[in-house]
Amino acid sequence: MPPTDQQAAGHPFLKGMYEDAYYPRRLVDQGREILLRLCERIEAERPSELAALYVLTQAATDEFNELAVEFLAAGSQMETVAREVIAEDFWFVATAYGFADADMEELIATRDW
């Protein structure tokens with residue numbers, strides 16, 4: 001089920017990665033799906049505090065950690081540009097759902113990329 005939040009539903013997740021042929025589209029698609037599932041989980045669980053949000057974002061970050069292995073196998077990697085694009089989209093999600101005071105580093109604290 002896609003997110004019901006209009007901002008999230010219409011957001012061009014991972015746009016910078018889609019615009020760069022270095023990143024395999026099928027893997028970028030999987031990353032986009034991780035972010036959409038994160039939105040869906042936030043809508044379903046409705047975290048009321050930052051600690052609860054961080055649990056959800058860090059679980060999604062763990063999924064990106066697994067995806068990073070697939071990027072390497074495909075001759076690509078989550079380097080500086082990808083890290084920034086992904087982190088910005090985590091920040092977008094946090095702010096779209098009312099957590100403008102979220103700490104960017106805490107949102108993705110479990111990252112390996």
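## A look around helix H3

Arg 46 sits in the loop between H3 and H4. (Helices here are DSSP runs of type H or I with at least four residues, and strands are E runs of at least two, numbered from the N terminus.) Before going on, a word on the model: it is predicted, so local features need pLDDT of at least 70 and side-chain atom pairs count only at pLDDT 80 or more, while totals for chains, interfaces and linings use all residues. Residues are numbered from 1 along each chain as its sequence is written, and side-chain values use heavy atoms, with hydrogens and water left out.

Back to the loops. Arg 46 comes just after H3, and its phi is positive, about 45 degrees, although it is not a glycine. Leu 14, in the loop between H1 and H2, also isn't a glycine and has a positive phi near 60 degrees. Here is how exposed these two and Ala 59, a residue of helix H4, turn out to be. Buried means under 20% relative accessible area, exposed over 50%, and partly exposed in between (1.4 Å probe, protein chains only).

| Residue | Relative accessible area | Class |
|---|---|---|
| Leu 14 | 1% | buried |
| Ala 59 | 26% | partly exposed |
| Arg 46 | 62% | exposed |

Now for H3 itself, which covers residues 25–45. With 21 residues at 1.5 Å a residue, H3 should span 30 Å, and its end C-alpha atoms are indeed 30 Å apart. (The expected span is 1.5 Å times one less than the number of residues.) Its buried residues include Leu 27, Gly 31, Leu 35 and Cys 39. Among the elements covering them are helix H1 (6–10), helix H2 (15–18), helix H4 (50–73) and helix H5 (80–96).

How do H3 and H4 pack? Their angle is about 165 degrees, and their axes are 10 Å apart. Axes are lines fitted to C-alpha atoms, for helices over the stretch in contact, and angles run from 0 to 180 degrees between N-to-C directions. H3 and H4 are therefore roughly antiparallel, a label for angles over 145 degrees (under 35 is roughly parallel, 65 to 115 roughly perpendicular, the rest oblique). Residues making the contact (heavy atoms within 4.5 Å) include Val 28, Ile 34 and Leu 38 of H3 and Leu 56, Ala 59 and Phe 64 of H4. Ala 59 and Leu 38 are 21 residues apart in sequence and 8.6 Å apart in space, C-alpha to C-alpha.
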